[in-house]
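Biologist: I have a structure open on my screen and I'd like to learn how to read it. Could you walk me through a few features?

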Amino acid sequence: MAHAVQPRQAPSGPDKTGARMNSERTARLTEMMEKVVHPDNWEASLRAVERNAGAPGPDGMKTTELRAHLSQHGEVLKRRLLEGSYQPGAARRKDIAKAGGGARPLSIPDVQDRFVQQMLLGVLSLEFDPLFSESSYGFRMGRSAHQAVEAARGYAKEGHTWVVDMDITKFFDHVNHDILMHRIGQVVGDKRVLKIIGRYLRTQVVMPDGLKVSSEEGTPQGGPLSPLLANIYLDALDKELEKRGLRFVRYADDCNIYVKSEAAAQRVMAGLKEWMSRKLKLSVNASKSGVGRPWERKFLGFVITIVLLIAVSSQSLARFADEVRLKWNGRQSLSSVELRDQWNRYIRGWWGYFGKAEDRKAVYRKEGWVRRHIRKCFWQRWHGSVGRIRALRRMGVAEHQVKIGCSSRGAWAMSTNSVMNQALSNATLRKQKFLMPSDLTR
């Protein structure tokens, strides 16, 4: 007997699964503040603020005082966040000298506001980071400036040896709030989260003279949330470049685009200027932007040489030289050990970044010049002929040679004197742990 044919039922698994996933995602994005104040995110954010330390905001609270403050007031803070009634305090303005000249204005929030921003960052980054371009490297987990430079070199190796070097005019000052909030709102459905981000964007800043000012545009630099907001805003640029089929590398507001000809580079530059103005309300800094070869345009402190090696840019070497002069100024009220340790901390940090360079010849050629500054510094610190003769004797210089301590020549000239080179020889400086990049390479 033939079996009866059963009527086919519409497949329910995938549809139900899809509906459930959409429902879960909707709940996740509309109930985001609950995740923000979740105990795990709360503790992780607290540790991050403590670890990052930093100067106090306008209320004077230190990061070391935050944990005790939250023990006493944490429940009130949590309730206000969940209610959507939390109001951030003002931030303190501090200008930081920029390497290329000028100053970068920082807005330093109160420690509690830094904590709230860190909690928001912990949740928002999980939603936004997977949406970002693979060519975006700035302020993202598992990505670095070194990876960005390596990607740039990779494009040059593929034959894209013309670069559109695009510098955005005062990007952080000119972020349009409406555009930014619209882009955040496309992902975030929790009005409480949107409201507090809007309040952070409009928060007042206490200037050095005590005057409070507010702005209708810009995203303040200095809080934990600022880098993520910058990436959200500039993700539109990334998507436009991808749509045009262009190869590019972006690190925060520093963006380089790689093409195969000068004509193509000029077309891209002209087109992007118009697009940036129309879509993002931003302008390209004509004096800092340009078209050229990778070995003519610096990127994140490096250049790609004509043989496609990564090297330290001439501008970075010039700033290094400025730091050498500053660190080995003999008029500092530091002991010799303190001078050495100050220098070692700097050179370890500097080489920790610029040690990425493959072509290191220009850096190594600087080492003799650095040692000359060290010798000049000590000559100055030995204070007059009596002190210099005593110091030279202590360093094992023969009696008939210590008379150079009476020389009236300047410290810079004396730094190349054969006796000074004997007293503070390269071997002696190395033995006393005066570090150089070549020492850190080994």
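**Reading the features one by one**

Modeller: Sure. Keep in mind that this is a predicted model. Let's begin with D113: leaving out residues up to four places away in sequence, D113 touches Y86, P88, G89 and Y200.

Biologist: Where is the place of D113?

Modeller: D113 sits in helix 5, which covers residues 111–128.

Biologist: And how do I read its charge? What is the nearest side chain of opposite charge to D113?

Modeller: The general idea is that side chains of opposite charge can pair when their charged atoms come close. Here, D113 is buried but has no salt bridge, and the nearest oppositely charged side chain, R114, is 8.6 Å away. What the side chain of D113 does reach is the backbone nitrogen of G89, at 2.8 Å.

Biologist: Okay, so show me some pairs. How many salt bridges does the structure hold?

Modeller: There are 28 salt bridges in the structure. Take E75 and K78, whose side chains meet in one at 3.8 Å, N to O.

Biologist: How far apart are E75 and K78 in helix 4?

Modeller: First the idea: an α-helix has 3.6 residues a turn, so residues three or four places apart point the same way. In this case, E75 and K78 are separated by about one helical turn, because they are three residues apart in helix 4 (residues 66–83). E75 is exposed, with a relative accessible area of 58%.

Biologist: Can you give me a pair that isn't in a helix?

Modeller: Look at R140 and D129, which form a salt bridge with their closest N and O atoms 2.9 Å apart. Both R140 and D129 lie in the loop between helix 5 and helix 6 (145–157), so the pair ties together parts that are 11 residues apart in sequence.

Biologist: Is each partner buried, partly exposed or exposed, and what decides that for R140 and D129?

Modeller: Buried means under 20% relative accessible area. R140 has 7%, so it counts as buried, while D129, at 24%, counts as partly exposed. You can read D439 and R430 likewise: they form a salt bridge at 3.2 Å between the closest N and O atoms. D439 is buried at 15%, and R430 is partly exposed at 34%. Salt bridges can also share partners, and that joins E43, R47, E50 and R67 into one network.

Biologist: Now the empty spaces. How many cavities of 30 Å³ or more does a search of the whole structure find?

Modeller: The idea is that rolling a probe the size of a water molecule over the atoms shows where empty space is left. The search finds two such cavities here. The largest cavity holds about 140 Å³ of space. It is lined by 17 residues, and P109, Q117, Y200, T203 and P220 are the closest to its centre. Helix 5, helix 8 (191–201) and helix 9 (226–243) each supply at least two residues of that lining.

Biologist: And what about pockets? What volume does the second largest pocket have?

Modeller: That pocket has a volume of about 760 Å³. Among its 25 lining residues, the closest to the centre are Q118, L121, F139, P224 and P227. Helix 3 (39–52), helix 5 and helix 9 are the elements that give two or more residues to this lining.

Biologist: One last thing: which residues of helix 15 are buried?

Modeller: In helix 15 (residues 384–394), the buried ones are G387, R388, I389, A391 and L392. Their cover includes helix 14 (367–381) and helix 17 (418–423). Just after helix 15, G396 takes a positive phi of about 85°.

Note on methods:
Residues are numbered from 1 along each chain as its sequence is written. This is a predicted model: local features need pLDDT of at least 70, side-chain atom pairs count only at pLDDT 80 or more; totals for chains, interfaces and linings use all residues. Side-chain values use heavy atoms; hydrogens and water are left out. Helices (H or I, at least four residues) and strands (E, at least two) are DSSP runs, numbered from the N terminus. Buried means under 20% relative accessible area, exposed over 50%, partly exposed in between (1.4 Å probe, protein chains only). Lys and Arg count as positive and Asp and Glu as negative; His and the chain ends are not counted. A salt bridge is a side-chain nitrogen of Lys or Arg within 4 Å of a carboxyl oxygen of Asp or Glu. A polar contact is a pair of N or O atoms within 3.5 Å; within protein, one must be able to donate a hydrogen and the other to accept it, and residues adjacent in sequence count only if both atoms are side-chain atoms. Contact means heavy atoms within 4.5 Å. On a 1 Å grid over the protein atoms alone, a cavity is a set of points where a 1.4 Å probe fits but cannot get out, and a pocket is an open set with protein on both sides within 12 Å along at least five of seven lines; lining residues have an atom within 4 Å of a point. Grid points are joined across faces, edges and corners, and a volume is the space filled by probe spheres set on the points.
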